[in-house]
Amino acid sequence: MDGDAIGVEAFNRLATPAAERLLAACCAAPEWVRALERGRPYPDRAALLAAADAALAALGEEGLDAALAGHPRIGERVTAGASAREQAGVRGDRIRARLAEANRVYEEKFGHVYLVCAAGRDGEELLAVLQARLGNDPATERQVMRTELGRINRLRLIDRVTG
């Protein structure tokens with residue numbers, strides 16, 4: 001858990017700009033952030049997570065693209081923040097080079113960054129998932145990416161807002 005985590009009651013009391021900063025650290029899509037901020041107060045973290053899922057489901061393509069823009073490529077050297085913690089299992093220049101090449105192929109095929117919930121996974125597993133997903137058609141991959149984004153958003157919210 002993040003050392004800056006707060007309870008749901010404290011989250012409900014945050015001024016709008018502070019709540020938006022906390023939410024934007026979870027997901028870069030402005031409409032997702034606004035939807036969750038406007039949904040306050042939440043009776044508990046479960047309600048906040050349910051609202052996060054609903055806001056993600058309501059995101060259009062522009063919103064998904066905005067969310068993707070907030071994520072570095074898997075395997076890039078990230079030194080701070082949630083992405084750095086989530087990608088901690090990616091170690092070594094060899095796997096980073098293989099991921100960089102696979103990311104290039106993925107982005108050529110799908111037109112967006114490869115997004116996967118990386119928490120608890122090592123570089124080899126993340127590469128295997130990427131390679132398997134290259135077999136998806138664009139519509140299927142967009143749905144897989146949306147599911148992965150939801151997992152990431154939830155983990156980040158859980159890290160920042162206690163029950």
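## A proline in a loop

P41 turns up in the loop between helix 3 and helix 4. Keep in mind that this is a predicted model. What kind of peptide bond joins R40 and P41? That bond is cis, with omega at about 5 degrees. As background, most peptide bonds are trans.

R40 has something else going on. Its charged end sits over the ring of F11, 5.5 Å from the ring's centre. So let's follow the trail to F11.

## Rings that pair up

How many aromatic pairs does the structure hold? There are 3 of them. One pairs F11 with Y42, and this pair is stacked: the rings are 6.4 Å apart, centre to centre, with 25 degrees between the planes. The pair links distant parts of the chain, as F11 belongs to helix 1 (residues 8-13) while Y42 is in the loop between helix 3 (30-38) and helix 4 (45-58), 31 residues away.

Are these two residues buried or exposed? F11 counts as buried because its relative accessibility is 0%, and the cut-off for buried is under 20%. Y42 has a relative accessible area of 7%, so Y42 is buried too.

Elsewhere, Y106, F110 and Y114 are linked by ring pairs into a cluster.

## The nonpolar core

F11 comes up again here. The largest nonpolar core has 29 residues, and those touching the most other members are F11, L23, W32, L36, L48 and L157. Which elements give two or more residues to this core? They are helix 1, helix 2 (16-24), helix 3, helix 4, helix 5 (61-69) and helix 9. Helix 4 gives the largest share, 5 residues.

Here's a handy general idea to go with that: in soluble globular proteins, nonpolar side chains tend to be buried together.

## Three buried leucines

Start with L56, which has its place in helix 4. Its relative accessible area is 7%, so L56 is buried. Now look for G150 in the structure: L56 and G150 are 94 residues apart in sequence, but their C-alpha atoms are 6.8 Å apart in space.

Next is L127, in helix 8 (residues 123-133). With 2% relative accessibility, L127 counts as buried. Its C-alpha atom is 8.2 Å from that of I95, and the two residues are 32 apart in sequence.

Last comes L68, which you'll find in helix 5. L68 is buried as well, at a relative accessible area of 5%. What separates the C-alpha atoms of L68 and A54? The answer is 18 Å, for two residues 14 apart along the chain.

## A cavity inside

How many cavities of 30 Å³ or more does the structure hold? Just 1. The largest cavity has about 90 Å³ of space in it. Helix 6 (81-86) and helix 9 (138-160) are the elements that give two or more residues to its lining.

Want to find the cavity yourself? Look for the residues that line it: H71, P72, I74, S83, E86, Q87, L115, V116, C117, A118, I152 and R156. Sorted by type, this lining divides into 7 nonpolar, 3 polar and 2 charged residues. Helix 9 is worth a second look, since it also appears among the elements that give two or more residues to the largest nonpolar core.

Technical notes:
Residues numbered from 1 in each chain as written. Predicted model: local features only at pLDDT ≥ 70, side-chain atom pairs only at ≥ 80, totals over all residues. Heavy atoms only, no water. 1 Å grid on protein atoms, 1.4 Å probe; cavity = no way out; pocket = protein on both sides within 12 Å on 5 of 7 lines; lining within 4 Å. Points joined across faces, edges and corners; volume = space filled by probe spheres on them. Helix = DSSP H or I, 4+ residues; strand = E, 2+ residues; numbered from the N terminus. Nonpolar A, V, L, I, M, F, W, Y, C, P; charged D, E, K, R; others polar. Phe/Tyr/Trp six-rings, centres within 6.5 Å; stacked < 30°, edge-to-face > 60°. Buried < 20%, exposed > 50% of the residue type's maximum accessible area, 1.4 Å probe, protein only. Lys NZ or Arg CZ within 6 Å of the ring centre and 35° of its normal. Core = buried A, V, L, I, M, F, W, Y, C linked by side-chain atoms within 4.5 Å.
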